[in-house]
Amino acid sequence: MRIGRSATVSDTGRRRLHNEDAFVCQPPLFAIADGMGGAQAGEIASRLATNALEQHGGATGEDAVAHLVQAANASVYRHAAADPAAAGMGTTTTVLLVDAAAGTIAVGHVGDSRAYRIRGEQLEQLTRDHSLVQELVDSGRLTPDEAIGHPHRSVITRAVGTEPSVDVDTFTVELAVGDLYLLCSDGLTDMVGDDVILARALAAGREPEVVARALVDEANRAGGDDNITVIAFEIEAGEPPAAPEAPPVLAPDAPTAENAAAEQPTGQTAAAGRVRRHGAGAGGRAFALAAIVLALAAAALLIWWSLGR
Ligand code: CA
């Protein structure tokens, strides 16, 4: 299994002047952030969060996702603390980090942006909103139908960047070939019900770009009260991409390829060790070559200086 096509459509909607949604669509990482705060603070908060998430560096799993969301939180919180105009700003953050080799997605979630999965003919909401309305539904004081269009539906109970650290929901889901994953801001889900989301996605032939466009159009047709962002990606059959090779170690005392080979045990780990240490050996050679070039340059400079006197 591997990630197939992916696409994002982000739209200001029909009522707002600014788009406070930000996103990351960099397979294997997909994320959405819906900012809040006065003036331009919401835009700044969501972009600070996605900038932090873009530094994922190839790690996988729930711990990596939790770490990324905490880094996003720290970035937004620092900025808010330093700028009185940005005080109280925050953002939702929902992250999907795909590990195609393991056949899983690690999810990290804070706020009311949502992740959905379409598998077969079924739509499943993977995340649970951290919102006042969701709490009222959970406690039985509101029915799911009453929640739709509730005047306080945009009040969230958890946000990234409003406190020094944040409570992140993390969990793992299993991939299957043919899955279509959606990430969306509340500008979609406040305007378009789950049944319509599923119907439009199926009518769009599950093609990520067509699905994302169709859903944003649907939210705008329904009024476009808020910014609308939809990320869609598919899982297809095929070999997952190879993991990137570890960068060579450039320390001057790194073992040479010959020494490394001599101290290798036999078997599977020996092969893996040799791949890594081959890089270290190449780094050592590059280091030696650079030292020779520097020494020659210094000698030339010395000769030029002594001739000039
Ligand atoms: Ca929003």
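**Notebook: a predicted model, looked up piece by piece**

I began with N51, which counts as partly exposed because its relative accessibility is 43%. I noted that the model is a predicted one, and I kept that in mind for each entry below.

**Entry on N51.** I looked up where N51 sits and found it in helix α1, which covers residues 41-53. I then checked its distance to A22, a residue 29 places away along the chain, and the two C-alpha atoms turned out to be separated by 9.4 Å.

**Entry on the whole protein.** I stepped back to see the overall make-up, and I counted nine helices and 11 strands in the secondary structure. Of the 309 residues in the protein, 42% are buried. When I took the contacts between residues at least 6 apart in sequence, I saw that 72% of them join residues at least 24 apart.

**Entry on α1 and α2.** I returned to the helix that holds N51 and asked how it packs against α2. Two packed helices are described by the angle between their axes and the distance between the axes. The axes of α1 and α2 come within 8 Å of each other and cross at roughly 140°, and therefore α1 is oblique to α2. I recorded the crossing of α1 past α2 as right-handed. On the α1 side the contact is made by I44, A45, L48, A49, A52 and L53, and on the α2 side by L68, V69, A71, A72, S75, V76 and H79.

**Entry on the nonpolar cores.** In soluble globular proteins, nonpolar side chains tend to be buried together, so I looked for such groups here. The largest nonpolar core has 25 residues, and those with the most contacts inside it are L29, L53, V69, M89 and V95. I found that β3, α1, α2 (62-82), β5 (93-99) and β6 (104-110) each supply at least two residues of this core, while the largest share, seven residues, comes from α2. I then followed V69 and, leaving aside its neighbours within four places in sequence, I found it in contact with L53, T93, V95, V110, V160, V166 and V168. I also noted a second, separate core of 21 residues, which includes V9, L198, A201 and V216.

**Entry on α6 and α7.** I looked next at another pair of helices, α6 and α7, which pack at an angle of about 140° with their axes 9 Å apart; that angle makes α6 oblique to α7. Their crossing is right-handed. I wrote down the residues that meet, namely V196, I197, R200 and A201 in α6 with V211, L215 and E218 in α7.

**Entry on E207.** In the loop between α6 (194-203) and α7 (208-221) I found E207, which counts as partly exposed because its relative accessibility is 36%. Its C-alpha atom is separated by 8.4 Å from that of F233, although the two residues are 26 apart along the chain.

**Entry on the calcium ion.** Which protein residues serve as donors of the calcium ion? I found two OD donors from D34, one from D186 and one from D226, lying 2.3 to 3.0 Å from the ion. Along the chain these donors follow the spacing D-x151-D-x39-D. D34 lies in strand β3 (residues 29-36) and D186 in helix α5 (residues 186-189), and this pair, 152 residues apart, links distant parts of the chain. I closed by checking accessibility, and both D34 and D186 are buried.

Technical notes:
Residues numbered from 1 in each chain as written. Predicted model: local features only at pLDDT ≥ 70, side-chain atom pairs only at ≥ 80, totals over all residues. Heavy atoms only, no water. Donors = N, O, S within 2.8 Å, 3.2 Å for Na, K, Ca; no water. Helix = DSSP H or I, 4+ residues; strand = E, 2+ residues; numbered from the N terminus. Buried < 20%, exposed > 50% of the residue type's maximum accessible area, 1.4 Å probe, protein only. Core = buried A, V, L, I, M, F, W, Y, C linked by side-chain atoms within 4.5 Å. Contact = heavy atoms within 4.5 Å. Axes fitted to C-alpha atoms, helices over the stretch in contact; angles between N-to-C directions. Parallel < 35°, antiparallel > 145°, perpendicular 65-115°, else oblique. Left-handed = near helix turned anticlockwise from the far one by under 90°.
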